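Visitor: Could you take me through one small part of this protein up close? I would like to see how charged side chains pair up.

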Amino acid sequence: MSLRFLIFLLFLPVAFAVAQQSTNRTVNVRAELARKEIVIGDQINLTLNISAPPGTQVYPVPAAVVAESEGLEVIRAEALNTVAENPELLLEQRFLITSFDTGYVTIAPIPVFYERANGVRDTAFTPDLRLVVRGAVVSDEEEIMPIKPIIEEPRNLLDYWWVFAILALVLIGLGIREYRRRQTREVPPPPPPPPPHEVALARLDVLERERLWQSGQTDTYYVELTRILRTYLEARFGIPALEMTTRQLTTALDTREGLNREQRSELSELLQLSDLVKFAKATPAEELHPQGLERVREFVVETKPMPVAETAVEDELSNRKEPS
């Protein structure tokens, strides 16, 4: 037996063990269509393939997330299946989809929520796809029926709708003129709308009294809580928070003046927790429910605009502290 063959036998188990180790250190998601072109109304499978390191917790994608793409309808969403666990975690989820709009249907990137073995939560997105939807094709021109003649109906009062419309406009004009004639004083302007922080605090009080999470409506509770927070951020800081995803909103808050690092971190954690409850059907600990509402209330109080008098006093105090 040659020396080279003995060395090969000695190192064969080591090479086999290294080959069994996972080389995948990130979570990768890919979406595939069974066909890239269908006839309007046809049903095809959209498959999500997910690869991740072992120990990663991947949450299934709800059908509502896939159906957000314009012109796309989800008929059925299957469960998230495990294809393999070693040397890396391979998962698959299928959706039966269709479309009733001819032309090009763009399937937007699909978010996949996951949690690493060390407890860090994140989101991976699939690349966008394009589906071509063709109209129905008539196989034989002889099958096309001739155009039928117009069937005339007997006239009725609805045929003279324009007369009634003119009479209505005349009566409305007379009514407006009579109203202005009897108007003896100017109508006072409507009161200004309440400031954003008052609206947010009032809605938080209503949400707290509804006791949604205590009655098992945890997802409804977090949907309303994040809506109150996003509405306040949009009105107070001029961020289009209602139209942004969680990642976009977190990035916008990082560049916003007037928010400290702790506030931005707590808001990001609350928004991510709400996404897990809404899309991944996660069930947080009960003590987190009231803590989330109380943290939003504290954030609103901390960031509400200060009255002009208080701002002037703070400026004067800061000027006194500066060395002469």
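Guide: Happy to! Let's start with Arg 297 and Glu 294, whose side chains meet in a salt bridge, with N and O 2.9 Å apart. Keep in mind as we look that this is a predicted model. In general, side chains of opposite charge can pair when their charged atoms come close. Where do Arg 297 and Glu 294 lie? Both belong to helix 8, which covers residues 288-303, and they sit three residues apart, about one turn of the helix. Now look at how much of each partner is accessible. Arg 297 has a relative accessibility of 16% and counts as buried, because buried means under 20%. Glu 294, at 34%, counts as partly exposed. The pair also has company: Asp 205, Glu 208, Glu 294 and Arg 297 are joined into one network by salt bridges that share partners.

For a similar arrangement, turn to helix 5 (residues 218-237), where Arg 227 and Glu 224 are three residues apart, again about one turn of the helix. Their side chains form a salt bridge at 2.7 Å, N to O. Arg 227 is partly exposed at 37%, and Glu 224 is partly exposed at 22%.

Another salt bridge links Arg 134 with Glu 37, and their closest N and O atoms are 2.9 Å apart. Arg 134 is in strand 11 (residues 129-134) and Glu 37 is in strand 2 (residues 37-39), so this pair ties together parts that are 97 residues apart in sequence. Arg 134 is partly exposed, with a relative accessible area of 42%, and Glu 37 is partly exposed with 42%. The count for the model comes to 14 salt bridges.

Methods
Residues numbered from 1 in each chain as written. Predicted model: local features only at pLDDT ≥ 70, side-chain atom pairs only at ≥ 80, totals over all residues. Heavy atoms only, no water. Salt bridge = Lys/Arg side-chain N within 4 Å of Asp/Glu carboxyl O. Helix = DSSP H or I, 4+ residues; strand = E, 2+ residues; numbered from the N terminus. Buried < 20%, exposed > 50% of the residue type's maximum accessible area, 1.4 Å probe, protein only.
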